[in-house]
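Visitor: I have the model open and a few short questions about it. Can we go through them one by one?
Guide: Go ahead.

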Amino acid sequence: MAQFQSHNAAWMQADRILEYSTHLQSKFIALSLLEKLINTRWNSLPQEQKSGILNFIIGMILTLSKIQMKSMKNNGLIQKADLILVHILKKEWNDVFI
């Protein structure tokens, strides 16, 4: 798993892991990959990829929030996704005003 996480293109698998994995730990790893991407290489991504990641995270938060109303098991995952959304918004906000 550590070898996978260290690969530069591992973040490209994050959406599939988040969508199809049944293991909570795998989902946290996928979110961590996106978080690292946003913090280190966000500005070098094409706008289309940035928009795709942003839309994916927003959709995931909305879906998990609906599910969470029935069960508290996704609470940590929602918090991590929320944090990633904040990172994206901060990066985009900085780009507008810098």
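**A loop serine, a helix and a core**

Guide: To begin with a loop residue, Ser 21 has a relative accessible area of 16%, so Ser 21 counts as buried. Bear in mind that this is a predicted model.

Visitor: Where does Ser 21 lie?
Guide: In the loop between H2 and H3.

Visitor: And what does the side chain of Ser 21 reach?
Guide: The backbone nitrogen of His 23, at 3.1 Å. Not counting residues up to four places away in sequence, Ser 21 also touches Arg 16, Ser 26 and Lys 27.

Visitor: On to H3. What span should its 18 residues have?
Guide: At 1.5 Å a residue, helix H3 (residues 24-41) should span 26 Å. The C-alpha atoms at its ends are 25 Å apart, which agrees.

Visitor: Which residues of H3 are buried?
Guide: Ser 26, Lys 27, Ile 29, Ala 30, Leu 31, Leu 33, Leu 34, Glu 35, Leu 37 and Ile 38.

Visitor: Take Glu 35 from that list. Which side chains join it in polar contacts?
Guide: The side chain of Lys 80 does so at 2.5 Å, and that of His 87 at 3.1 Å. The relative accessible area of Glu 35 is 15%, so Glu 35 is buried.

Visitor: Is Lys 80 buried or exposed?
Guide: Buried, because its relative accessibility is 17% and the cut-off for buried is under 20%. Lys 80 lies in helix H5 (residues 75-97).

Visitor: What else is Lys 80 in contact with, besides Glu 35?
Guide: Phe 28, Leu 31 and Ser 32, if neighbours within four places in sequence are left aside. With that kind of neighbour left aside for Glu 35, the contacts of Glu 35 are Lys 80, Leu 83, Ile 84 and His 87.

Visitor: Change of topic. How many residues does the largest nonpolar core have?
Guide: It has 24 residues, and those with the most contacts inside it are Leu 31, Ile 53, Ile 57, Met 60, Ile 84 and Ile 88. Helix H2 (14-20), H3, helix H4 (47-68) and H5 are the elements that give two or more residues to this core.

Visitor: Any general background for that?
Guide: Nonpolar side chains tend to be buried together in soluble globular proteins.

Visitor: Last one: what is Met 60 in contact with?
Guide: Leu 18, Leu 31, Leu 77 and Ala 81, leaving aside neighbours within four places in sequence.

Technical notes: Residues numbered from 1 in each chain as written. Predicted model: local features only at pLDDT ≥ 70, side-chain atom pairs only at ≥ 80, totals over all residues. Heavy atoms only, no water. Helix = DSSP H or I, 4+ residues; strand = E, 2+ residues; numbered from the N terminus. Expected span 1.5 Å × (residues − 1). Buried < 20%, exposed > 50% of the residue type's maximum accessible area, 1.4 Å probe, protein only. Polar contact = N/O pair within 3.5 Å; in protein donor to acceptor, adjacent residues only side chain to side chain. Contact = heavy atoms within 4.5 Å. Core = buried A, V, L, I, M, F, W, Y, C linked by side-chain atoms within 4.5 Å.
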